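Biologist: I would like a close look at one part of this chain, and then at how it fits with the rest. Please keep the account to what the model shows.

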Amino acid sequence: FVTLEGVGRIERDPELIKELWSPAWNVWFPKGQSDPDVCIIHMTATSGEFWDNGGFNGVKFMFSAAKALVSGEKPKHDAVLNAKVAL
């Protein structure tokens, strides 16, 4: 899971939409590229944070969470599982 923080702007350039369009998006935009709800969001990210609890990391997190629950303390921070990043 990733979150990003920053400044975004909406663009409705039909040529750019055409260039980036994927037929799979017709599921969400049945009117196709000309759907008035279709837009491009340009974002300049300033910071982000990620969590990786998949695979072995998920097992590692569950063990850490169970240990914290039993001890009554918060789980120790693990930079492999979660970190904030300045961009």
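Leaving aside its neighbours within four places in sequence, which residues is isoleucine 40 in contact with?

Modeller: This is a predicted model. Isoleucine 40 is in contact with Arg9, Ile10, Glu11, Leu16, Ile17 and Leu20, when neighbours within four places in sequence are left aside.

Two of those partners, Leu16 and Ile17, also belong with isoleucine 40 to the largest nonpolar core. That core has five residues, and Trp21 and Val38 complete the set. Another pair of contacts of isoleucine 40, Arg9 and Glu11, is joined by a salt bridge, with the closest N and O atoms 3.5 Å apart. In general, side chains of opposite charge can pair when their charged atoms come close. The pair counts because 3.5 Å falls within the 4 Å cut-off. The salt-bridge count for the model comes to one. Glutamate 11 has a relative accessible area of 21%, so it is partly exposed rather than buried, which would need a value under 20%.

The setting is as follows. The chain has two helices and three strands, and along the sequence they follow the pattern β-α-β-α-β. Helix α1 spans 14-20, and strand β2 spans residues 40-51. Of contacts between residues at least 6 apart in sequence, 74% join residues at least 24 apart.

At helix α1, proline 14 is exposed because its relative accessible area is 58%, over the 50% cut-off. Its C-alpha atom is 9.4 Å from that of valine 38, although the two residues are 24 apart along the chain. Valine 38 is one of the core residues named above. Glutamate 15 is in helix α1 as well, and counts as exposed at 54% relative accessibility. Glutamate 15 and glutamine 33 are 18 residues apart in sequence, with their C-alpha atoms 9.8 Å apart in space.

The loop between α1 and β2 also reaches the core. Phenylalanine 29 is found in this loop and, at 23% relative accessibility, counts as partly exposed. Its contacts beyond four places in sequence are Trp21, Asp35, Asp37 and Val38, and Trp21 and Val38 are core members. Aspartate 35 sits in the loop too. With neighbours within four places set aside, aspartate 35 is in contact with Phe29 and Pro30. Aspartate 35 is buried without a salt bridge, and lysine 31, the nearest side chain of opposite charge, is 5.4 Å away. That distance is beyond the 4 Å limit, so the pair does not count as a salt bridge.

Further along strand β2 is glutamate 49, which is likewise buried and has no salt bridge. Lysine 84 is its nearest side chain of opposite charge, at 4.4 Å. Again the limit is 4 Å, so this pair is not counted either. Beyond four places in sequence, glutamate 49 touches Phe1, Val2, Thr3, Asn82, Ala83 and Lys84.

Val2, one of those contacts, is also part of a nonpolar patch on the surface. The patch is formed by Val2, Leu4, Met43, Val85 and Leu87, which together have about 480 Å² of accessible area. Leucine 87 lies in the segment after β3, which spans 82-86, and is exposed with a relative accessible area of 59%.

For the chain as a whole, buried residues make up 17% of the 87 residues. The chain exposes about 7000 Å², with carbon and sulfur atoms supplying 63% of that area.

Note on methods: Residues numbered from 1 in each chain as written. Predicted model: local features only at pLDDT ≥ 70, side-chain atom pairs only at ≥ 80, totals over all residues. Heavy atoms only, no water. Buried < 20%, exposed > 50% of the residue type's maximum accessible area, 1.4 Å probe, protein only. Helix = DSSP H or I, 4+ residues; strand = E, 2+ residues; numbered from the N terminus. Contact = heavy atoms within 4.5 Å. Areas by Shrake-Rupley, 256 points an atom, 1.4 Å probe, with all protein chains shown as cover. Lys, Arg positive; Asp, Glu negative; His and termini not counted. Patch = residues over 30% accessible without salt bridge, like charges linked within 9 Å, V, L, I, M, F, W, Y side chains within 5 Å. Core = buried A, V, L, I, M, F, W, Y, C linked by side-chain atoms within 4.5 Å.
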